[in-house]
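Trainee: Please take one helix beside the ligand and go through it closely. I would like its surroundings and its packing in one connected account.

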Amino acid sequence: MGIHGRSNGHIEGAMPRFKTILVTGGAGYIGSHCVVDLLQSGHEVVAIDNFANVVGDDDGSPALRKVEEITGKKVTFYRADLLDKPQINDLFDKHSVECVVHFAALKAVGESMAQPLLYYQNNVLGMLNLLEVMRSHSCFQLVFSSSCTVYGEPERLPITEEHPTGKITNVYGRTKYFIEEMLKDLSVADERWNIISLRYFNPVGAHPSGLIGEDPTKEFTNLMPFMAQVALGKKPVLTVFGNDYNTPDGTGVRDYIHVMDLASGHVAALNLLSANHVGLKVYNLGTGKGVSVKQLVDVFERVTGTRIPLQYEARRLGDITAMWADASLARTELGWTTTRSVEEMLDVFERVTGTRIPLQYEARRLGDITAMWADASLARAELGWSTTRSVEEMSVLVTQLVSVKQLVDVFERVTGTRIPLQYEARRLGDITAMWADASLARTELGWTTTRSVEEMLDVFERVTGARIPLQYEARRLGDITAMWADASLARIELGWTTTRSVEEMCQ
Ligand SMILES: NC(=O)c1ccc[n+]([C@@H]2O[C@H](COP(=O)([O-])OP(=O)(O)OC[C@H]3O[C@@H](n4cnc5c(N)ncnc54)[C@H](O)[C@@H]3O)[C@@H](O)[C@H]2O)c1
């Protein structure tokens with residue numbers, strides 16, 4: 001019968017084409033959950049981790065032993081570091097790895113800002129070593145853990161894979177971006193590579209058994225483990241950065257995805273890689289729904305029966321107001337979709353920790369993140385500047401567009417003339433539409449335009465006192481539809497501004 005059915009990346013009844021998968025960072029949070037799904041879908045897993053951010057012991061990885069307990073299957077584990085290239089080479093000599101799922105990376109945004117070289121070395125050089133060893137062993141199949149952080153502050157929501165990348169606000173995100181760029185170059189240069197880069201949104205939750213979860217050893221600010229620590233009394237309050245965002249309750253909005261849904265996305269990606277040569281493909285893995293920090297905390301309190309005291313701090317520099325995925329490409333091309341609710345992302349904590357946990361308040365611990373958020377009051381006091389743009393505003397600029405036809409309509413109305421139009425074919429090089437985002441001038445210069453399109457046009461009548469007979473010709477080659485300057489730089493840096501009105505130009 002072959003393939004019996006397909007749901008969320010699992011091809012039931014079919015043997016996976018890749019037998020042995022190397023999972024780097026396999027003892028970590030997402031890695032360990034993904035190994036569960038890989039084993040359950042019939043793959044053999046060789047996992048490595050250097051225990052940079054997870055507990056290890058003499059027998060290997062406690063998390064992966066729990067994975068073996070959950071699945072009843074064996075994981076081959078090595079304590080290994082991607083920066084130790086000979087060690088990775090030996091591993092490939094020993095196992096015929098057919099595909100790599102590459103999770104291993106450092107991921108703490110605050111730490112990455114304080115120690116950029118550590119991050120570039122670990123994440124970028126680690127990836128380079130891995131790719132070179134893979135190539136030398138003729139292994140060209142790769143699933144890479146990327147992140148929605150590569151998109152930076154979204155220009156539009158929801159975010160599709162087409163959204164520009166690169167305007168990133170932190171070093172960690174830049175390592176992901178640089179690796180994606182590297183993978184692009186690689187897949188162009190050598191078509192044997194077959195790579196899927198998965199841009200995760202915000203993974204939370206744990207395996208329903210409660211046996212594995214998110215348990216980092218480095219100082220962290222990730223919302224979920226932080227919230228769990230507060231519930232357990234290990235931290236006194238949940239620090240929320242920013243409650244004055246332009247979102248329904250003022251807190252940042254993210255696309256939280258259950259880690260088991262994320263895991264099944266990897267199995268789906270492997271299915272696609274094993275059946276097709278894709279070169280390099282990128283997919284968003286998210287639910288497509290935005291949930292605010294406050295909403296998430298409310299659900300957590302409801303499902304766990306605990307109370308999470310919140311402490312609001314100023315927004316952190318580089319933090320993003322709202323971000324959620326358009327995950328439709330993964331749905332259509334990977335046959336993958338999320339199935340778990342926010343409640344399911346959180347209720348495992350109840351089972352793991354028990355309800356009504358007595359809270360124990362301790363002094364706040366200073367972490368590297370203390371130096372990470374902005375006190376923007378100086379900019380407010382001295383520059384008169386404060387952020388003003390809402391998510392809604394990101395998409396409303398289109399309403400400020402004025403078409404030629406609209407302009408003619410207004411002109412006819414204010415001058416009482418009729419302008420007969422004759423449409424010709426578009427001219428080569430003409431630009432469809434062009435208008436400024438003048439919000440920087442608004443926020444930083446306190447400047448905004450005040451005159452309407454009507455005011456731009458009615459001067460002609462007043463100045464000339466005449467109904468000017470117009471004669472329309474076809475557009476000329478190279479004429480531009482619309483063009484106007486953002487002259488705010490000249491204003492700020494040269495102290496220059498125009499002083500003459502359209503009226504004065506016509507007199
Ligand atoms: N958790 C998130 O919110 C999130 C979001 C987007 C992308 N990602 C990416 O997903 C991947 C997994 O993230 P996670 O949340 O499971 O983090 P994690 O820290 O739990 O797992 C990463 C694992 O990699 C290991 N590691 C790091 N450097 C290594 C090296 N040089 N050699 C061997 N092992 C090394 C760490 O010890 C850790 O166990 C990472 O690449 C991360 O950047 C995570």
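**The ligand shell and helix α1**

Mentor: In this predicted model, 30 residues surround the ligand, and the closest are Gly25, Gly28, Ile30, Ala105 and Ser147. Two or more residues of the shell come from each of α1 (29–40), β4 (44–49), α5 (116–136), β7 (141–147) and β9 (202–204). The largest share, 3 residues, is given by α1. Sorted by class, the shell around the ligand holds 16 nonpolar, 11 polar and 3 charged residues.

Now to α1 itself. At 1.5 Å a residue, its 12 residues should span 16 Å, and the end C-alpha atoms lie 18 Å apart, which agrees. Of these 12 residues 11 are buried, so α1 is largely enclosed by the rest of the structure. The buried residues are Tyr29, Ile30, Gly31, Ser32, His33, Cys34, Val35, Val36, Asp37, Leu38 and Leu39. Ile30 is thus on two lists: it is among the closest residues to the ligand and among the buried residues of α1.

One neighbour of α1 is helix α2 (residues 62–71); the two axes come within 10 Å and cross at roughly 30 degrees. The crossing is right-handed. On the α1 side the contact is made by Ser32, Val35, Val36, Leu39 and Gln40, and on the α2 side by Ala63, Leu64, Val67, Ile70 and Thr71. By class, this contact has 7 nonpolar, 3 polar and no charged residues. The spacing along a helix follows a general rule: an α-helix has 3.6 residues a turn, so residues three or four places apart point the same way.

Just after α1, Gly42 takes a positive phi of about 95 degrees.

How values were computed:
Residues are numbered from 1 along each chain as its sequence is written. This is a predicted model: local features need pLDDT of at least 70, side-chain atom pairs count only at pLDDT 80 or more; totals for chains, interfaces and linings use all residues. A residue is near a molecule or strand if its C-beta atom, placed from the backbone, lies within 6 Å of it. Helices (H or I, at least four residues) and strands (E, at least two) are DSSP runs, numbered from the N terminus. Ala, Val, Leu, Ile, Met, Phe, Trp, Tyr, Cys and Pro count as nonpolar, Asp, Glu, Lys and Arg as charged, and the others, Gly among them, as polar. Axes are lines fitted to C-alpha atoms, for helices over the stretch in contact, and angles run from 0 to 180 degrees between N-to-C directions. A crossing is left-handed if the near helix is turned anticlockwise from the far one by less than a right angle, and right-handed if clockwise. Two residues are in contact if their C-beta atoms, placed from the backbone, lie within 7 Å. The expected span of a helix is 1.5 Å times one less than its number of residues. A residue is buried if 20 or more other C-beta atoms lie within 10 Å of its own, exposed if 12 or fewer, and partly exposed in between; C-beta atoms are placed from the backbone.
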